[in-house]
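Colleague: Could you take me through this model and tell me what stands behind each term you use?

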Amino acid sequence: MVKPPAYREIYNESATNPAGFWLDAASAIDWITPPVTALDESNAPVYRWFPGAELNTCFNALDRHVLAGRGSTTALIYDSAMTGVKKQFTYDQLLTEVSSFAGVLFAQGVTKGDRVIIYLPMIPEALIAMLACARIGAVHSVVFGGFAANELAVRIDDATPTVMVTASGGLEPGRTVEYLPIVEKALALSHGSIRTVIVKERRHVAGLAADFAQTTAHDSTHSPANDQPVTWVTWDDEMARASPSAPVAVAATDPLYILYTSGTTGNPKGIVRDNGGHAVALAWSMKNIYNVHPGDVMWTASDVGWVVGHSYIVYAPLLAGATTVLYEGKPVGTPDAGVFWRIVEDYKVKVLFTAPTALRAIRRVDPNLIESARYDVSSLETLFLAGERLDTETYHWANDGLHCPVVDHWWQTETGWPIAANLRGLAPLAIKPGSPTVPVPGYQIEVLNGKGVPVAAGKEGNIAIRLPMPPGTLAGLWGRADGYEKSYLQVFPGHYATGDSGFIDDDGYIFVMGRTDDVINVAGHRLSTGQLEEALAGHPAVAECAVIGVKDELKGQRASGFVTLKAGVFIENSVLCAELIALVRDKVGPVASFRDVVVLERLPKTRSGKILRKTMRQIVDGEPFIVPPTIEDVTVLEDLTLALVGHPGAMKPA
Ligand code: COA
Ligand code: AMP
């Protein structure tokens, strides 16, 4: 067997000759016009990869494997623990579905550069719709099903899509999620770009009241802004009469998708991903980071609504000619804590990728991994984790119990693929619990102090990436010409600011410790405290509010809200709390998992009026804290500590 190359060798090559390195990596992609130049620096500090080159991402994910004679290889395995439905698609079959749906979109007037919003549960149609957009050069924007109508409307208004693809409903344990009322509300709230809604009916899903075909309510909806009617059609009807569409050529620098993520304000940021850099980076990552090759089975247990799902459920496995698993269900309770291992056995999964919170959920129910012993999980070569910090306790539990390497790796929606990892396609490095190991080739990581000066090894600071970043990373923010620079590039000139803090040890291992901004991470889902505060502030009784992320054993963090009442307002605490919890669910969505509210007389603030969120968080988490010298009134902290005693959210004051 050929010995895999050493990490250091490959990393140095990427650093000393990035252009040569990435042009070489680009040969893994079939181009219509192959790249000659790697990097366009003309608009620095915003860089573009592979200027002048042309390709089609969908062709690379599907057609070329079929043309290479691999059409009968399984491309997609769908396994729904919610409905019991299992279905497999070969590359041939998936290509047929995707070409047809591309034809459906085309028939609805969608062409190159147009946006399509996809609001679907974890069903094959989600992946098919994404690839169909890529096929005709349209730009998809997938919205996670756990977001409320308001969040959907905000994304519609920002991306201004003409078509929405949705389903009659989704399933969560113990309840059905009726998508159509959410869609109708979002259409009413938004400003009228949508012309057509394509609905996948899930007739076999028991309990779904809104069977689209049975209702006449959807003949047309009028959007309030310009009173244009919205036409509602069904996926199946349109597919039955579709003429397949061929892949179109797009520029490597053209957008493939917009994915909204939480920033520090209430407005989500539309991260734009290009076609060429994305395809090159993901293909490179499959071989070198994940060690996944044609025919291997990769299962990313996430959701297509998140970047992890975009990259490693949909695009990367298919670009690599591998088999991807699309799982509709939870790690526990659907039906038990053995479901992950059942899927590994059933489909001979080689690489499993999930979030630490999913492992903590399994551990809580099955601490001794008795369930895993019921299944043959010997096919599992590596378990990759990302989305939040992998705590060492969970790492040891999984590593000891599963008999396969457990690999933490760190990345963000913005980067689209890992920034730091233990690259399993190269000679693997030793794992240090608590660290996602080393920078992935292409990323030059530095830890900077507040003034932008690199700090010594072992010292914590702001993690920044020296520009240019490698292919596949964000091309910009949708609709905000200078948004990328303002949000990420001006803080530390010459660098991209990750918003994460951490340190690099003497061996060059990176440790990512947490966010430096108001972004919190709940069960691997990124949320903005500003967004939650906006929702709370909408309650007529609330004068001021602060939301902080506090420690949570299962979800890593959970959002806790602190409110003060307007003068002269009298409302029972329990009534107010229930109303505020319902308000967040209605405005942001169930994904926020918002359940903790504390009513205070005053919020702790500095003399200049800034709410002391960090001190509040330390108090709630029971961490030692220093009373800020600028505090307006120290007794407010005592009030806060007292208010937490007996609080149902299991908060323990210091
Ligand atoms: N559509 C509608 N609602 C959704 C949803 C979706 N696609 N996904 C989640 N929700 C709802 C849940 O039903 C839940 O609602 P509830 O308050 O009525 O119970 C709420 O949003 C919170 O969901 P979640 O955070 O998933 O919590 P949970 O208690 O249902 O499950 C875990 C906990 C740990 C099992 C689950 O969070 C998990 O599997 N996490 C993996 C994280 C992940 O994949 N992250 C992506 C980055 S890698
Ligand atoms: P998202 O954009 O939703 O993928 O969230 C990205 C953020 O999640 C990062 O900025 C980190 O704060 C956190 N994160 C993701 N992966 C890791 C990891 N492996 N270790 C620590 N934090 C992580």
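Modeller: Gladly, starting with polar contacts: a pair of N or O atoms within 3.5 Å counts as one, while inside the protein one atom must be able to donate a hydrogen and the other to accept it, and sequence neighbours count only if both atoms are side-chain atoms. The model is predicted, with local features needing pLDDT of at least 70 and side-chain atom pairs pLDDT 80 or more, whereas totals for chains, interfaces and linings use all residues. Residues are numbered from 1 along each chain, chains are lettered from A and ligands numbered from 1 as written, and side-chain values use heavy atoms, without hydrogens or water.

Colleague: What makes the pair between Pro 590 and ligand 1 a polar contact?

Modeller: A backbone N or O atom of Pro 590 is 3.3 Å from an oxygen atom of ligand 1, and the limit is 3.5 Å, so the pair qualifies. Gly 145 also contributes a backbone N or O atom, 3.2 Å from a nitrogen atom of ligand 1, and Arg 595 places a polar side-chain atom 2.5 Å from an oxygen atom of ligand 1. On its own, ligand 1 exposes 930 Å², and the protein buries 84% of that (areas by the Shrake-Rupley method, 1.4 Å probe; for residues, only the protein chains shown count as cover).

Colleague: Which residues are the closest to ligand 1?

Modeller: Of the 24 residues around ligand 1, the closest are Glu 172, Arg 175, Lys 555, Arg 585 and Arg 595 (a residue is near if one of its heavy atoms lies within 4 Å).

Colleague: And how many residues surround ligand 2?

Modeller: There are 15, with His 409, Thr 413, Asp 500, Arg 515 and Arg 526 the closest. Polar side-chain atoms lie 2.5 Å from an oxygen atom of ligand 2 in the case of Thr 413 and 2.6 Å in the case of Arg 526. Alone, ligand 2 has 490 Å² of accessible area, and the protein covers 93% of it.

Colleague: Why is Thr 234 called buried?

Modeller: Thr 234 has a relative accessible area of 7%, and buried means under 20% (exposed is over 50%, partly exposed in between; 1.4 Å probe, protein chains only), so the label fits. Thr 234 belongs to strand β13, residues 229-234 (strands are DSSP E runs of at least two residues, helices H or I runs of at least four, numbered from the N terminus). A polar atom of the Thr 234 side chain lies 3.0 Å from the backbone nitrogen of Asp 237.

Colleague: Why is helix α16 described as largely enclosed?

Modeller: Helix α16 spans residues 529-537, and seven of its nine residues are buried, so the rest of the structure largely encloses it. Among the buried ones are Leu 532, Glu 533 and Leu 536. At the start of α16, a side-chain oxygen of Ser 528 comes within 3.1 Å of the backbone nitrogen of Gly 530.

Colleague: How do you know whether the whole protein agrees with a compact globule?

Modeller: For 654 residues a compact globule would have a radius of gyration near 26 Å, and the protein has 24 Å, which agrees (taken over C-alpha atoms; the rule is 2.2 Å times the number of residues to the power 0.38). Of those 654 residues, 59% count as buried. The C-alpha trace spans about 75 × 65 × 55 Å along its principal axes, and the secondary structure comprises 19 helices and 33 strands.
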